[in-house]
Amino acid sequence: METQTLEKIIAEHPYFAGLEPEYTSLLVGCASNVRFDAGRYLWREGEEANQFYLIREGRVAIEMMPPHRKAIVVETVGEGEILGWSWLLPPYTWRFHARAVEMTRALALDGKCLRNKCEQNHDLGYELLKRFAQIINHRLDATRMQLLDLYGKR
Amino acid sequence: MANAEIDPMMPRPWVVRRISKETPDTFTLALEPSDGGPSGRGGFQPGQFSMLWVFGVGELPISISGDPAEEGSLTYTVRSVGPATQALVSHGAGQSVGVRGPFGTGWPVAGAEGKDVVVVAGGIGLAPLRPVIYHVLRHRDRFGRLVILYGARSPRDMIYRKELAAWARHKDTQVLSTVDYGGVAWRGRVGVVTSLFKYLRLQPARTTAMLCGPEIMMRLVARELAARGLAAGDVYLSMERNMKCAVGSCGHCQWGPHFICKDGPVFSYAHIAAMLDRYEL
Amino acid sequence: MAERLQARLAPEEIDKLIRGLARRGYQVLGPTVRDGAIVYDEVAGAQDLPRGWTDEQEAGRYRLKPGTDGALFGCSVGPESWKKYLHPAQVKLFEADRQDGLFRILGGPAPPARPYAFLGVRACELAAIAVQDRVLLQDKYRDPVYGSRRDPAFLVAVQCTQAAATCFCASMGTGPQVRGAADLTLTEIVNAEGHWFLAEADGDRGQEVLAELDRRPATDEELRLARTAVESAAAQQVRRMDTAGIRDLLYQNFEHPRWDEVAARCLTCANCTMVCPTCFCTTVEDDSGVTGDRAERWRRWDSCFTMAFSYIHGGSVRTSSKARYRQWLTHKLASWIDQFGSSGCVGCGRCIAWCPAGIDLTEEVHAIRGAVNHGNTDA
């Protein structure tokens with residue numbers, strides 16, 4: 001039952017749409033339900049990046065700690081979004097902090113396990129990389145737009 | 001000066017009834033007519049603007065941000081960015097401000113009846129859209145869902161924060177806001193306003209979208225809406241250029257063939273999409 | 001309307017015409033020589049007119065020189081146009097005072113003390129007045145300043161019988177024959193048989209004034225001579241504007257290498273907009289007294305060539321001289337058509353003569369037209 005639910009969530013997620021059923025099952029095999037209370041860090045900068053999350057409920061802030069300045073939130077990731085791609089790219093360490101702003105439920109996917117499977121099966125590797133490249137692309141767009149400081153004084 | 005009543009170039013004295021602080025640099029002024037004459041009844045279409053004259057200092061085009069159903073008063077939200085706006089927001093209750101207008105085209109509130117209304121605002125761009133929100137909430141049964149997407153620079157730059165929370169409690173009303181820069185204490189969303197669309201279930205065929213904010217933001221949002229299936233003719237933008245006379249005769253606010261003051265400020269995206277990409281037009 | 005009156009006048013009658021108009025209460029304004037140029041000013045009699053002068057104009061060049069025929073109206077248009085009277089360079093919109101934080105408007109712009117009579121309005125200028133009528137009187141808003149000057153004005157047109165090298169009215173369809181509504185239209189003829197004027201009036205106002213002058217009905221031969229003289233002014237024109245499809249031409253060439261090329265020469269001095277008889281842009285300025293209890297609001301000519309013109313919070317929209325020249329030319333020749341139903345250019349050539357860099361809009365349009373196929377490049 002639990003596995004079926006996970007399968008459904010992953011199969012219906014826009015980023016995994018059209019994925020071969022065998023790959024979807026593979027993802028399900030690497031997935032587990034997790035929960036973070038408000039204020040809890042999902043990870044901190046520099047830690048090993050061995051998973052990604054599909055947020056089901058709640059909100060996670062990506063934080064930067066600039067030296068000699070207060071921490072700033074550069075982005076929040078919420079329901080339905082995928083959080084984390086550092087597991088896919090060397091050196092497999094997190095660049096920023098991730099903190100649950102409110103109680104957050106998510107599917108955690110084991111990136112280390114997936115990494116190994118991708119090495120063995122490049123078709124799977126390509127499918128995943130293609131999908132994560134899209135996520136990275138969206139984030140890059142959003143970051144560039146933020147850099148415009150749209151509403152600020154020019 | 002019988003002419004003062006009819007000449008749109010002559011400011012009429014209105015009096016500041018109340019002034020309230022929205023953010024460190026943005027204020028809302030409620031004006032009422034000082035003469036009580038027929039010129040002082042207010043009345044405007046959501047999206048229209050007035051020219052506000054500060055005695056001896058200068059004049060500014062300011063969108064009307066109050067409730068269109070409220071007679072005998074006019075409300076403006078002003079961000080203090082220069083000498084004239086600074087002088088305007090420094091008025092005390094009981095002092096007079098010169099008012100010309102209202103001028104320009106309004107949001108297509110009648111045309112949006114029966115449809116979902118998506119309001120996308122950036123920064124102080126929420127001010128010219130607030131009359132639409134008041135109108136839709138007042139005539140709730142005439143419209144479908146009301147979605148308000150609001151982006152601001154930081155939490156302290158958000159205007160109408162209490163109202164945003166109150167609007168979200170209305171039936172069939174969804175309010176999503178986001179900021180570009182949030183502190184760790186901010187519990188809301190951080191990210192650009194276009195990132196909010198993923199939380200929406202748009203019904204593209206029966207939706208009217210109204211956009212107001214920095215031009216580049218509107219351009220990006222309009223593209224996002226097009227990618228999500230909205231027809232260009234269902235997307236409206238409020239444009240800004242240098243408006244001096246407000247009646248199309250001083251030439252300053254020209255934008256291609258349009259005078260923003262009389263042909264706009266509200267335009268259909270279908271009419272201006274190509275012009276939005278022209279730099280220094 | 002009465003039947004058209006066509007009469008021959010001796011040149012001395014022009015003096016009587018001026019005095020007749022003044023007697024009727026008009027302030028008579030006409031061409032006169034000042035500072036080496038033809039300017040418009042009050043004329044008390046024919047002695048104030050530029051008798052015996054003619055001019056020489058080219059791109060970036062204007063010179064008065066003695067003519068050979070002693071004509072009263074032997075000069076083409078100078079740097080000024082009638083808009084200096086109808087749409088003044090500066091006008092006080094109102095005065096206000098303030099007490100205890102409350103202000104009162106004390107008065108609006110005053111109409112001129114006497115209505116204007118313009119003597120020597122060329123065909124292109126009559127066309128320019130019609131263009132400004134459309135902008136300032138016949139749009140959504142009627143400008144009371146312009147209206148109070150324009151409505152009572154008496155117009156004495158003078159058809160051109162010679163063209164400056166900068167003229168291109170024939171190609172704009174605005175001259176040299178007078179087509180617009182003037183109260184009185186004169187054609188000055190100086191030939192072997194002598195010096196005389198053909199005077200034509202269609203309306204009552206013009207015919208009344210004409211009736212006071214010594215005249216005799218014009219003969220068919222005299223009408224023919226006048227027509228030929230005006231036609232020769234068209235034939236003399238060395239510049240022309242190809243207006244075919246010009247609106248789309250300019251809209252489609254928003255990006256064109258020629259804009260960069262012209263921007264390299266343009267000084268953005270705004271001379272062209274000041275001398276243009278149709279440019280109507282204005283700005284407003286507020287003045288307050290030292291005590292802060294009195295204020296005035298003035299309207300002044302403005303120009304799309306200034307940086308401040310397109311200023312909005314954050315900066316000007318058109319920062320480059322390329323963008324500003326393009327705005328001026330595209331507005332004048334293309335978007336004007338969308339806005340007001342006609343071209344904003346009447347072919348008077350003032351902007352060519354008075355450009356310190358000698359930029360010639362007919363040449364710019366020609367260059368853009370010639371390069372249409374490799375235009376439209378992205379910036």
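Modeller: First, a term: buried means under 20% relative accessible area, exposed over 50% and partly exposed in between (1.4 Å probe, protein chains only). This is a predicted model, where local features need pLDDT (confidence per residue, 0 to 100) of at least 70, side-chain atom pairs count only at 80 or more, and totals for chains, interfaces and linings use all residues. Residues are numbered from 1 along each chain, chains are lettered from A as written, and side-chain values use heavy atoms, without hydrogens or water.

Colleague: Where is confidence lowest in chain A?

Modeller: Chain A has a mean pLDDT of 88, with 95% of its residues at 70 or more. Strand S2 (residues 41-43) of chain A is highest at 96, while the lowest mean, 77, belongs to helix H1 (residues 2-12) of chain A.

Colleague: Why do the buried residues of H7(C) sit on the same side?

Modeller: Helix H7 (residues 220-235) of chain C has 16 residues. Its buried ones are C:Glu222, C:Leu223, C:Ala226, C:Ala229, C:Val230 and C:Ala233, whereas C:Asp220 and C:Ala235 are exposed on the other side. The buried set is on the same side because, judged by directions from the axis to the C-beta atoms, it covers an arc of only 125°.

Colleague: What area do chain C and chain B bury between them?

Modeller: The contact (heavy atoms within 4.5 Å) takes 52 residues from chain C and 40 from chain B. C:Phe103, C:Tyr141 and C:Phe254 supply 19% of the area that chain C buries there, more than any other three residues. Carbon and sulfur atoms carry 58% of the area buried between the chains, which is about 3,900 Å².

Conventions:
Helices (H or I, at least four residues) and strands (E, at least two) are DSSP runs, numbered from the N terminus. The expected span of a helix is 1.5 Å times one less than its number of residues. Buried area is the accessible area (1.4 Å probe) that two parts lose on being put together, summed over both.
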